[in-house]
Amino acid sequence: MKWKRSILCRVCLTALCAVSPSFSRQDTPPHSSSSAPPTFYRDVLPILQNHCQACHREGEIGSMPLVTYEQARPFAQAIASATSQKKMPPWFADPGIGHFSNDPSLSPQEIATIASWADSNAPAGGPLDAPAAREWAHGWMIPQPDAVIQMPKPVAIPARGDVQYTYEIVHTGFTEGKWVQFSEVRPSSRENVHHAVVYVRPPDSHWLQHAPVGEPFTGADMNDEQDRNDTHFTTADILLVYAPGSSPDNWTSGMAKFIPAGSDLVFQMHYMAHGHPMSDQTSVGLVFAKEPPKQRVLTLQLTNDKFVIPPGVPDFRVEVHGSIPNDALLLSFFPHMHLRGKRFEYNILQPGGGIETLLLVNYDFYWQLSYRLAEPRLLKAGTVLQAVAWYDNSKNNPHNPDPDAAVRWGDQTYDEMMVGFFDVAVPANVDKTQFFVRRTSR
C-alpha cells in the first residue's frame, strides 16, 4: 500500500441539482388526487429540499437557487429533463453493487412527479401546502461552525499557465485536543480551485519544519531539500479533502476526526488559471463533537504512480492493493483520476482467489463524489483491499487533452493520477501511525 500526498483536481460546474451532505433517502409521498396535476408547494418543493437545495440556494455552487416558486418556475422543463435522464442529481455508482447512505438519486415516483408538474405548466398550488423551510447555516452546508480557520494571506492566482501546488500553514491556537464531527472547506474564489486538502500537523511533527507560517508558498520557494520533498509527499493525517461539488465531512455520532492540541492546519491548494488574475483566501469551518467519540476516523489511500498509459488505448487498466494492518470499520470511498479516467472500483481480494466488489463507479472527472456505505463494513486485520482504475486515452474520449501522448502520473489535469481514498473508523486512542503498526499476536 503506497501513501502519497492527497491530490484532487476538479473543475467547478453549474448544475441543476447536487448532493446534499446530510442527505437522507426519502421518497416524496404522492399527491392526493390522481386527476389533479402535481403542484410546486405540495409535491415538488419537498423533492427540491431533500435533493437540491443544499447546493441550489444563494451563495452555493448551484447555478441557480431553487428555494422559491419564483426561482424554480423558469427552469421547470430543464429540471424535468435533467432528472428524467438521471443526469441530476449526480451519482455514478453502479446501482447493482452496494448501498450508499448519500445516494441522492430520485425515486421513479419523484422523477414522474417533476415531469408531470413541468408538463402541466408548472402550477404553484397553495403556499399553505408547503413544508417547513429547510434551515441552513448562512454560508455553510454544515451546522454553524464552532471555529472558522482562514488562511491568513490571500494567494495571488495568475491569469494563465499552470499553477504549482500552493501551501499555507495556519496555527490553530487550540490549547486542547479537538474532536471534529463536521468540517467544510470554503474557498473565496471557487472557480479557481481544483482541489484543497487540509492536513493536521501536530506540534511534534517535522513535516515542512522550515516552511513559513501564515504565508503562501510552493515547493520552488523552499531552500531546504527536505522541505521541497515534503511538498511532494506526506503521511500527515488528513482533516478534509475538498473540490467543487464535493460534500463536507459529516460523521455520525460516536465518530470524529481529531486535531491534537497545539496543531497547525496545512492548506494544500491546487489552483487553475481562468484568463484573468484572481486571489483566493480559503477557510475551513469546524463543528466539534459534543463529547469524546468512541471511534476516530482516518482517511487512507491506495495509490499507484508508476503507470504509463499508451497513446490511443481506450481501456487501460491500473491497479494497486494492500492489506489492512489492523481491524477497522470501512466507512466510505473517494476515487480520483483526471480527464482520461473511465471507471474505478474497490474490491476485497479473498484468500481463495475470489473478488468481492464493494463499489464500481462510471467515473466523471467533473463530478468526483464520495460514496458512503449505508452499512459500514468491518475489515479484519490482513484483509486485502484493491483499487482498480481504467483510462480512455483514445480520440473517442471527448475530454482527452491529447490522444497521441503517453500519459504518466502528474499534478496537472493533462497528466493522470490513480488514488483510491477511503475512510475507516478505529478506536479513539489509535492515531494514523499506530494504526499501521501490525500486531504480531492477536
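The nonpolar cores and the largest pocket of a predicted model are described here.

The largest nonpolar core comprises 43 residues, and those with the most contacts inside it are F333, Y371, M418 and F422. At least two residues of this core come from each of the strands β12 (295-303), β14 (316-323), β15 (328-336), β16 (341-349), β17 (355-362), β18 (371-379), β19 (384-391) and β21 (419-427). Strand β19 gives the most to this core, with four residues. Apart from this core lies another, of 25 residues, which includes F174, A196, V200 and V284.

The surroundings of Y371 were examined individually. When residues up to four places away in sequence are not counted, Y371 touches W91, F92, A93, F100 and N102, together with L331, S332, F333, P335, L359 and V361.

Strand β12 contains L302. This residue, L302, is classed as buried because its relative accessibility is 0%, under the 20% cut-off. Although L302 and V320 are separated by 18 residues in sequence, their C-alpha atoms are 6.5 Å apart in space.

The largest pocket has a volume of about 490 Å³. Its lining consists of 18 residues, and P202, T235, A236, D237 and T433 lie nearest the centre of the pocket. Two or more lining residues are given by each of the elements β5 (193-201) and α6 (432-435). By residue class, the lining of the largest pocket divides into seven nonpolar, four polar and seven charged residues.

Key
Residues numbered from 1 in each chain as written. Predicted model: local features only at pLDDT ≥ 70, side-chain atom pairs only at ≥ 80, totals over all residues. Heavy atoms only, no water. Core = buried A, V, L, I, M, F, W, Y, C linked by side-chain atoms within 4.5 Å. Buried < 20%, exposed > 50% of the residue type's maximum accessible area, 1.4 Å probe, protein only. Contact = heavy atoms within 4.5 Å. 1 Å grid on protein atoms, 1.4 Å probe; cavity = no way out; pocket = protein on both sides within 12 Å on 5 of 7 lines; lining within 4 Å. Points joined across faces, edges and corners; volume = space filled by probe spheres on them. Nonpolar A, V, L, I, M, F, W, Y, C, P; charged D, E, K, R; others polar.
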